[in-house]
Amino acid sequence: MMGKKVIIIGGGVAGLSAGIYAQMNGFDSIILEQDSRVGGLCTAWYRKGYRFDYSIQWLVGTRYGTFNDLYKETHLLTEDVEVIDPKYHTLTHLKNGKDFLIYTDIGEWQEYLIANAPEDEKSIRRMCRHMDWSKGLEPFDVPPPLRTPFHYLRALHRNFWSLITLLRFKNMSCSEYFRKLHFKSAWIQEGLVNNYKNDAYSVIALLLMLSWYTKKNAGYPIGGSLGVAQRLEKRYLSLGGKILAQHKVKEILVQNDQAVGVLLEDGERMMSDYVVSAADGHTTLYQMLHGKYFTPKMEKAYKNWTPFSSIVQISMGVDALLKTDYPVQVTLYKRQFGKTGISHSYRMINYGYDPSIVPEGKSAIVIRFESPYEVWNGMTPEEYAAEKEMIAAFGREVVEHYYPNSSDKIEVLDVATPLTTVRYTGVWKGSCQGFLPTRENISKQLEMTIPKLKNFYMAGQWLFPGGGIPPSMQSGKWAIQLICKNEKKKFVCYTK
Ligand SMILES: Cc1cc2nc3c(=O)[nH]c(=O)nc-3n(C[C@H](O)[C@H](O)[C@H](O)COP(=O)(O)OP(=O)(O)OC[C@H]3O[C@@H](n4cnc5c(N)ncnc54)[C@H](O)[C@@H]3O)c2cc1C
């Protein structure tokens with residue numbers, strides 16, 4: 001007997017995860033993806049033998065915990081996948097010519113900071129203690145409606161210190177946190193305080209990041225973003241799932257306040273028992289559902305919360321082995337191009353640590369910086385082309401600066417703008433990770449269901465401020481847990 005039909009809109013990591021669990025639980029699922037391939041933001045592209053990665057720098061849950069279980073079940077991680085744990089988070093080049101390192105181990109970082117800024121020893125120890133206390137918060141393994149007192153007690157037991165830290169700092173921005181620490185050293189002021197100065201960005205996000213790293217539970221899987229997307233796709237197909245690429249959903253079909261299928265852009269109607277939208281949240285609510293169905297929390301969030309900035313990525317393939325001990329380097333920098341610019345800093349990644357990405361004897365260098373979608377969206381084709389030219393020239397300049405005599409060995413240079421991101425993924429305003437985690441929203445989560453719309457579920461990065469692969473994928477699993485509950489079926493999952 002065929003199981004009930006589930007249409008999943010969007011083949012990003014959330015949609016693929018939903019599909020995998022739908023198949024495990026006997027549903028007849030289909031993923032409709034607008035692009036020619038799945039992965040969404042978790043992707044990479046090939047140019048002349050080079051592969052340029054777009055997403056994963058770190059992946060929470062590579063060693064243990066709820067996210068790790070999810071990775072094993074979906075085959076994001078298998079025994080064949082090597083995970084590396086970097087020694088450094090970033091090397092920041094300061095304006096005065098000095099460098100500032102962030103280690104991924106809190107203890108080592110504390111020693112380094114005290115050695116270079118002994119006058120701040122007390123504040124440094126305090127900050128590192130807060131990071132250590134955060135203990136890499138463990139998430140729930142079931143969605144809010146399915147949680148029982150047992151789940152909350154277990155969470156309290158597992159996360160006692162993390163929760164104390166979360167409660168203490170949940171309403172604090174990075175700027176406010178650093179103000180309270182009173183760092184005296186100009187080096188720390190520039191390398192840490194000014195670099196992370198943000199009146200909105202929650203300090204919890206920063207504290208948790210290093211606590212996950214220090215537990216070696218936020219590594220990088222060799223193969224990067226494309227490897228992840230391909231393994232999820234393979235798992236889904238091997239469980240009997242179906243993917244229809246280049247199938248853009250225009251509308252979610254609703255009858256008597258119940259989702260009954262979708263209307264595709266080409267006019268085709270596809271009917272189903274359930275619809276899970278793992279596509280962009282804003283598009284789902286405002287276009288596919290015509291702004292008719294919201295919870296008050298959703299409506300407030302999409303009106304008031306700020307999305308993460310969109311970015312520009314310059315990808316360069318260099319015919320030379322450019323070596324570095326610091327794969328991720330940040331340069332504090334401001335520059336105007338034509339209509340866009342770099343407002344604060346740019347990040348340069350040397351992918352030498354992933355042999356699957358870089359052709360032998362060559363190098364893949366990526367530069368990223370924030371760039372507002374709105375500015376790009378208002379350009380004429382001529383302005384757009386000129387802007388990309390200026391940015392490409394800047395890319396060459398940076399490579400030459402950090403790796404002298406190498407710019408003439410650049411074989412490929414590719415500039416992806418916020419409009420490129422929107423074209424391939426449809427993500428709202430080109431946001432790279434959904435909503436920015438701020439002191440207002442850091443502990444909030446948007447609902448996956450809308451009480452007035454039956455048989456409809458939402459999954460993906462827009463549900464959780466901060467976004468990222470782990471919660472996006474987890475929401476895919478949660479959507480199927482909720483559907484199983486609705487069907488009065490026991491939810492099953494397995495790793496084999
Ligand atoms: C530069 C960058 C760096 C990042 N670094 C990290 C990192 O280090 N670690 C980490 O955990 N996360 C990172 N992220 C974030 C992470 O990649 C995303 O949060 C995650 O991939 C989002 O997955 P998703 O499935 O929720 O959404 P998406 O990836 O946006 O997937 C949505 C899918 O829906 C499809 N779609 C949209 N509209 C329609 C429609 N109408 N019909 C059919 N299909 C549709 C899209 O094409 C897309 O495939 C990074 C992101 C970026 C851009």
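Start by selecting strand E2 (residues 28–32) and E10: 3 bridges join these two strands, which run parallel. Strands here are DSSP runs (E, at least two residues), as helices are (H or I, at least four), numbered from the N terminus. Two strands pair if DSSP finds at least two bridges between them. Click on Ile 31 and you will find its bridge partner in E10, Ile 243.

Before going further, a word on what is on your screen. This is a predicted model, in which local features need pLDDT of at least 70 and side-chain atom pairs count only at pLDDT 80 or more, while totals for chains, interfaces and linings use all residues. Residues are numbered from 1 along each chain as its sequence is written.

**The open sheet**

Now widen the selection to the whole sheet. It is an open sheet of 5 strands in the order E10-E2-E1-E14-E22, with parallel pairing. Strand E10 (242–244) and strand E22 (456–458) stand at the edges, each with a single partner strand, so one side of each has no neighbour in the sheet. From one strand to the next, the twist averages 20 degrees. Next, add H15, which packs on this sheet and touches strand E1 (5–9), strand E14 (274–277) and E22. Contact means that the C-beta atoms of two residues, placed from the backbone, lie within 7 Å. The direction of H15 makes about 155 degrees with that of E22. Axes are lines fitted to C-alpha atoms, for helices over the stretch in contact, and angles run from 0 to 180 degrees between N-to-C directions.

**The ligand**

Keep H15 shown and select the ligand. Its shell holds 39 residues, and the closest are Gly 10, Gly 12, Gly 40, Gly 460 and Gly 468. A residue belongs near the ligand if its C-beta atom, placed from the backbone, lies within 6 Å of it. Helix H1 (13–24) and helix H15 (469–486) are the elements that give two or more residues to this shell. Colour the shell by class and you get 18 nonpolar, 17 polar and 4 charged residues. Here Ala, Val, Leu, Ile, Met, Phe, Trp, Tyr, Cys and Pro count as nonpolar, Asp, Glu, Lys and Arg as charged, and the others, Gly among them, as polar.

**The domains**

Which domains does the assignment give? Colour domain 1 (5–59 + 223–305 + 435–486), domain 2 (103–215) and domain 3 (311–428); the bounds come from an automatic or database domain assignment. Domain 1 and domain 3 each supply at least three residues to the shell around the ligand. Taken over C-alpha atoms, the centres of domain 1 and domain 2 are 30 Å apart. Between them, 13 residues of domain 1 are in contact with 15 residues of domain 2. On the domain 1 side, that gives 6 nonpolar, 5 polar and 2 charged residues.

**Helices H3, H4 and H5**

Select helix H4 (residues 121–134) and helix H5 (residues 149–169), whose axes come within 7 Å and cross at roughly 130 degrees. That makes H4 oblique to H5; angles under 35 degrees count as roughly parallel, over 145 as roughly antiparallel, 65 to 115 as roughly perpendicular and the rest as oblique. Show His 130, Trp 133 and Ser 134 of H4 with Trp 161, Ser 162, Ile 164 and Thr 165 of H5 to see the contact. It has 3 nonpolar, 4 polar and no charged residues.

Finally, add helix H3 (residues 106–116): the axes of H3 and H4 come within 10 Å and cross at roughly 170 degrees. H3 is therefore roughly antiparallel to H4. Their contact has 7 nonpolar, 1 polar and 3 charged residues.
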